[in-house]
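Please open the structure in a viewer and keep the sequence beside it. The stops below are best visited in order.

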Amino acid sequence: MKKDVQPATWVAHAGGCMDQSSGGVVPAIQPATTFARDEGYAPLNPDNIYQRPHSENVRQVEAVIKELEGAADTLVFPSGMAAIAAAFRWLPAGARAVVQQGIYWGTTKWIQEFCARRGIDLIQIDASDNYVLAEACTSGADLVFVETPSNPWLKVVDIQHAAKVTHAAGGILIVDGTAATPVLSRPLSLGADIVMHSATKALNGHSDVLGGVLSCRAETEIWEAIRTDRADAGAVMGTFEAWLLLRGMRTLALRVERMSANAQTLAENLVDHPGVEAVLYPGLETDPGHALAKTQMAGGFGGLMSVLVKGDKERALEVAGRLKLFLRATSLGGVESLVEHRYSIESHTGLPQNLLRLSVGIEDVDDLIEDFSKALGQ
Ligand code: PLP
């Protein structure tokens with residue numbers, strides 16, 4: 001398939017993946033863990049020796065994501081956290097990492113423990129403040145990690161600025177773009193060295209596959225180390241998950257368009273609601289990240305938002321408990337809307353007790369608005 005088509009066309013056709021042997025319009029699943037050789041000991045297919053480094057289904061999904069990101073190469077992993085761990089593990093003892101604070105708590109926890117174990121100097125700052133990030137990089141940085149928009153604060157990081165100060169410090173910039181998806185934002189084109197996604201979220205979109213992905217702007221020595229480590233240490237995605245992810249991604253552009261439109265309408269509806277203290281969503285013109293988000297996100301602002309209800313923890317839990325359509329569950333990016341009281345999960349990170357994190361799905365937005373209004377009791 002020609003690669004110069006629009007993203008929606010590219011994903012709908014899964015980059016032209018078909019099953020050549022049967023003519024099937026979807027690729028086959030090849031579950032073999034090992035591949036045969038001929039009498040002269042040559043592999044029957046030189047691309048395939050053993051599944052850990054060689055899976056046709058993994059290669060297919062990687063090829064589709066690579067084009068979406070405008071990347072030099074893409075690697076998928078068995079979870080978002082496995083991808084993040086792979087992006088950090090090349091750092092030697094004594095290195096310096098600058099990491100955004102107030103991002104997905106699981107990421108922060110793993111990075112803090114890893115850096116302490118390995119003797120890596122870890123600086124955690126508000127990377128949405130250009131000055132603070134630049135200051136943190138003045139003493140050098142081997143790796144800068146940001147998440148934009150961030151989960152659950154929805155802060156927006158200036159990727160171009162982050163790339164400039166990271167490169168001046170001699171390091172590489174890694175952007176977790178999970179909430180934006182490659183449909184709305186392409187961090188590599190803004191200077192990031194590696195973009196990461198939890199494919200568990202909107203990339204797959206159906207809450208039934210765990211996966212992660214890294215894509216690079218150039219195939220550097222660091223990238224080569226990440227690729228080798230994946231093959232040797234074995235953090236690989238299974239063939240069935242890769243096949244499912246490719247299938248889920250066929251509707252990626254459609255889903256992201258709908259969930260962004262729904263989130264925008266819901267945010268605009270809730271922001272003036274008497275039962276709501278604040279809505280954190282970069283699509284709102286009043287949001288501090290709006291102007292920047294408009295320059296680095298095209299076609300919407302994603303399905304992730306946080307709502308601070310008026311009242312305390314009990315009131316937030318009461319509202320969550322009264323929702324009928326928003327399922328009370330963690331995660332984001334699925335076709336079904338979810339609500340989470342994050343304080344119940346990470347009470348020690350300073351999150352407001354009245355914060356409800358929403359993942360807005362693809363339902364009819366009128367139903368979502370009615371559900372939330374009824375839960376707020378007004
Ligand atoms: N990055 C972000 C922004 C996330 O929200 C998550 C999970 O919630 C992850 C990374 C980790 O991904 P996974 O759960 O697939 O390991």
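The tour goes from the sheet to the helices upon it and then to the ligand.

This is a predicted model, in which local features need pLDDT of at least 70, side-chain atom pairs count only at pLDDT 80 or more, and totals for chains, interfaces and linings use all residues. Residues are numbered from 1 along each chain as its sequence is written, and side-chain values use heavy atoms, with hydrogens and water left out.

**The sheet.** Select the seven strands (DSSP runs of E, at least two residues, numbered from the N terminus). They form an open sheet of mixed pairing, ordered β1-β7-β6-β5-β4-β2-β3; strands pair if DSSP finds at least two bridges between them. Because β1 (73-77) and β3 (121-125) each have a single partner strand, one side of each is left without a neighbour in the sheet.

Next, select β5 (residues 172-176) and β6 (residues 194-198), which run parallel and are joined by three bridges. Val175 has Val195 in β6 as its bridge partner.

**A helix on the sheet.** Select α4 (residues 105-118; helices are DSSP runs of H or I, at least four residues). Helix α4 touches β2 (96-100), β3 and β4 (143-147), contact meaning heavy atoms within 4.5 Å.

**The ligand.** Which residues come nearest to the ligand? Of the 15 around it, they are Gly80, Met81, Asp176, Ser198 and Thr200; a residue counts as near if one of its heavy atoms lies within 4 Å. Select Thr200: a polar side-chain atom there lies 2.6 Å from a ligand oxygen atom. For Met81, a backbone N or O atom is 2.8 Å from an oxygen atom of the ligand.

Key. Axes are lines fitted to C-alpha atoms, for helices over the stretch in contact, and angles run from 0 to 180 degrees between N-to-C directions. A polar contact is a pair of N or O atoms within 3.5 Å; within protein, one must be able to donate a hydrogen and the other to accept it, and residues adjacent in sequence count only if both atoms are side-chain atoms.
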